[in-house]
Amino acid sequence: MAAPNPEFLRFTTHKSFTQRLVLSTLTGRPIHISQIRSSSPTHPGLAPHEISFLRLLDSITNGSSLQISYTGTTLTYIPGLITGSVTSDTVVKCNLPEGCRRGVSWFLLPLCMLGPFSKSPVNVRFEGDGVITSSTETGDVSVDTVRTAILPLYERFGILGAKMELRVLQRSCAGAGGKGGGGVVELRFGSQVRLPKTLHLNRSPGRVKRIRGVAYCTGVAASGNARMIHEARGLLNGLVADVHVAAQYDQAPLVSEKGEPGKKRRTGVGFGLSLVAESSVDGVIYSADVAAPSTGGVTPEDIGKMCALQLLECISDGGCVTKLGAGTVLTLMAMGSEDVGRVRLGREVVGTEDVIQLGRDLKKFGASSWGLRDAEEEGTTDIIVSVKGIGVGNVGRKIA
């Protein structure tokens with residue numbers, strides 16, 4: 001007897017592209033996405049970084065099916081089982097093309113959300129002429145921010161931090177025109193769980209007790225690190241005494257020259273700063289990330305000042321989770337055990353387009369609606385978000 005045709009959840013446009021693919025993979029619901037840049041006269045359909053993510057998703061799953069229309073404006077995805085890298089020693093290689101404008105964190109954030117639900121460890125190595133490890137003008141954060149501000153959030157759900165490792169083997173900033181970088185990044189996610197623990201992070205976020213960070217330069221004078229650190233500390237030392245920023249210098253990576261085999265050139269030249277503020281309450285982390293634009297014209301002092309001010313703005317938003325980490329936390333809460341978890345978010349965080357769209361997408365995939373109420377403390381505008389898990393859990397662990 002033939003298998004019945006699956007019922008597709010239908011979406012439009014390329015917005016929340018990785019988010020919808022991740023939710024489809026976790027819940028097992030097939031999706032149909034149409035009108036992907038259909039109105040663009042020059043570049044309709046899927047972009048190079050989206051094609052690369054689909055290839056990566058296909059390489060870490062078993063039984064998934066992808067169909068893309070001739071123009072690339074329509075995508076049909078039937079999810080399979082998340083198998084990871086099959087063995088702990090196997091590394092899946094993801095080669096990003098030179099035309100990639102997104103930072104490697106655009107791939108890492110959804111990949112980390114799939115990691116806990118995989119049957120085997122997820123070991124992925126990003127390489128190629130399109131790997132950008134710094135923050136980008138398109139809104140992506142650096143690899144350092146993912147390592148210091150996002151991965152620690154998984155420990156709140158019972159996922160072992162000792163088995164999560166993110167290594168930068170070759171740093172790179174965005175190349176000319178914001179395209180390509182030539183970096184190398186390796187993610188090893190070896191902590192798989194049956195069900196994420198229920199999160200209760202609804203108390204006061206406390207006060208910032210320390211600030212850590214990384215200043216990086218690739219292919220430019222290493223003195224830029226000291227200049228960024230000095231400017232940032234000038235703003236932050238008056239507020240927090242414990243401020244420590246590490247400096248790292250790397251040569252610009254070599255990439256192949258187009259049309260000239262054997263000839264190579266250096267790309268990914270630039271500098272940037274990543275800062276993380278840790279609160280007195282365990283698990284509360286604020287982050288900021290700024291890198292020099294590919295067009296230049298910005299001094300290291302400007303970058304240091306902008307990053308410090310961005311960190312202070314992030315802290316002023318309040319709550320226990322930042323805008324960057326809200327999607328990860330809310331998704332893991334929705335996929336966890338059938339219990340009500342609570343997290344305290346700033347009003348500015350709850351009101352962002354990404355969080356509102358995530359709530360709508362979770363509802364469409366079968367999750368419960370969120371409960372919102374004001375925090376009971378005086379002098380705060382924070383909101384307590386209650387999320388009931390749907391008990392999806394790790395299907396691979398059930399079979400094993």
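Which strands does helix H6 lie across? In this predicted model, helix H6, made of residues 300-316, lies across S12, S16 and S17. Try tracing strand S16 along residues 270-279, then compare the direction of the helix with that of S17: H6 runs at about 155 degrees to S17.

Now let's look at the sheet itself. It is an open sheet of four strands, and their order is S13-S12-S16-S17, with mixed pairing. Its edge strands are S13, covering residues 243-250, and S17, covering residues 285-291; each of these pairs on one side only. Going from one strand to the next, the twist averages 10 degrees.

What holds strands together in a sheet? Strands pair through backbone hydrogen bonds, and the pairing can be either parallel or antiparallel. You can follow one example here: S12, which spans residues 208-218, pairs with S13 in the parallel sense over eight bridges. To find your place along S12 and S13, look for Ile211, which stands opposite Val243 in S13.

Let's finish with a single residue, Gly190. You will find Gly190 in the loop between strand S10 (184-189) and strand S11 (200-201). Is Gly190 buried or exposed? Gly190 has a relative accessible area of 25%, and because a residue counts as buried only under 20% and as exposed only over 50%, Gly190 is partly exposed. Leaving aside residues up to four places away in sequence, Gly190 touches Pro121 and Lys163. Arg171, in turn, is 19 residues from Gly190 in sequence, and their C-alpha atoms are 24 Å apart in space.

Technical notes:
Residues are numbered from 1 along each chain as its sequence is written. This is a predicted model: local features need pLDDT of at least 70, side-chain atom pairs count only at pLDDT 80 or more; totals for chains, interfaces and linings use all residues. Side-chain values use heavy atoms; hydrogens and water are left out. Helices (H or I, at least four residues) and strands (E, at least two) are DSSP runs, numbered from the N terminus. Buried means under 20% relative accessible area, exposed over 50%, partly exposed in between (1.4 Å probe, protein chains only). Contact means heavy atoms within 4.5 Å. Two strands pair if DSSP finds at least two bridges between them. Axes are lines fitted to C-alpha atoms, for helices over the stretch in contact, and angles run from 0 to 180 degrees between N-to-C directions.
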